[in-house]
Each structure stands twice: as structure tokens, then as C-alpha cells.
Amino acid sequence: MKQRLQLLLRLALQPAPRHTTLFNGQLLDQKREDAYVVMHQMGLIR
């Protein structure tokens, strides 16, 4: 029981893994253009 607690404490003290996300500028531009077209069709943008 003591060993399990020590193991849990060791795991809790380790830094969390970092998840890296790749920035996709082309996808962002596409989504921005799609949103602009939809808003224009709805009459929100003239």
C-alpha cells in the first residue's frame, strides 16, 4: 500500500506532457472565407 502511494505521488509530481498543435494558416483562411460567404448570404454583411 505504501509503495502504491509513493508511485502515485511520483506520477503526480511529474510535469504533464505537452501536446503541440500545428498552426494551419491555409485552413484558417478557408474557414474565414467560408464564414464571410455565409454571413454575406444571410445579409449580415453588405
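The side chains of D29 and R32 meet in a salt bridge, with 2.9 Å from N to O. The model is predicted. Its protein chain has two helices and zero strands. Buried residues make up 0% of the 46 residues in that chain.

**Salt bridge**
- The count of salt bridges comes to one.
- Its partners, D29 and R32, are three residues apart in helix α2, so about one helical turn separates them.
- D29 is partly exposed, because its relative accessible area is 36%, and the partly exposed class runs between 20% and 50%.

**Helix α2**
- Helix α2 covers residues 25-42.
- For its 18 residues, 1.5 Å a residue gives a span of 26 Å.
- The end C-alpha atoms of α2 are 26 Å apart, so the model agrees with that expected span.
- N24 caps the N-terminal end of α2.
- In this cap, a side-chain oxygen of N24 lies 3.3 Å from the backbone nitrogen of Q26.
- At the other side, α2 is followed by G43.
- The phi of G43 is positive, near 90°.

**Helix α1**
- Helix α1 has twelve residues, 2-13.
- From first C-alpha to last, α1 reaches 17 Å.
- That is close to the 16 Å expected at 1.5 Å a residue.
- α1 is hardly covered, with zero buried residues among its twelve.
- L7 lies in this helix.
- L7 has a relative accessible area of 43%, so it counts as partly exposed.

**Surface**
- The protein chain exposes about 5300 Å².
- Carbon and sulfur atoms supply 60% of that exposed area.
- A nonpolar surface patch measures about 560 Å² in the model.
- M1, L5, L7, L8 and L11 make this patch.
- L7 can belong to the patch because patch residues need over 30% relative accessible area, and L7 has 43%.

Notes
Residues are numbered from 1 along each chain as its sequence is written. This is a predicted model: local features need pLDDT of at least 70, side-chain atom pairs count only at pLDDT 80 or more; totals for chains, interfaces and linings use all residues. Side-chain values use heavy atoms; hydrogens and water are left out. Helices (H or I, at least four residues) and strands (E, at least two) are DSSP runs, numbered from the N terminus. Buried means under 20% relative accessible area, exposed over 50%, partly exposed in between (1.4 Å probe, protein chains only). Accessible areas come from the Shrake-Rupley method with a 1.4 Å probe; for residues, only the protein chains shown count as cover. The expected span of a helix is 1.5 Å times one less than its number of residues. Patches are made of residues with over 30% relative accessible area and no salt bridge: like charges are joined within 9 Å, nonpolar side chains (Val, Leu, Ile, Met, Phe, Trp, Tyr) within 5 Å. A salt bridge is a side-chain nitrogen of Lys or Arg within 4 Å of a carboxyl oxygen of Asp or Glu. A polar contact is a pair of N or O atoms within 3.5 Å; within protein, one must be able to donate a hydrogen and the other to accept it, and residues adjacent in sequence count only if both atoms are side-chain atoms.
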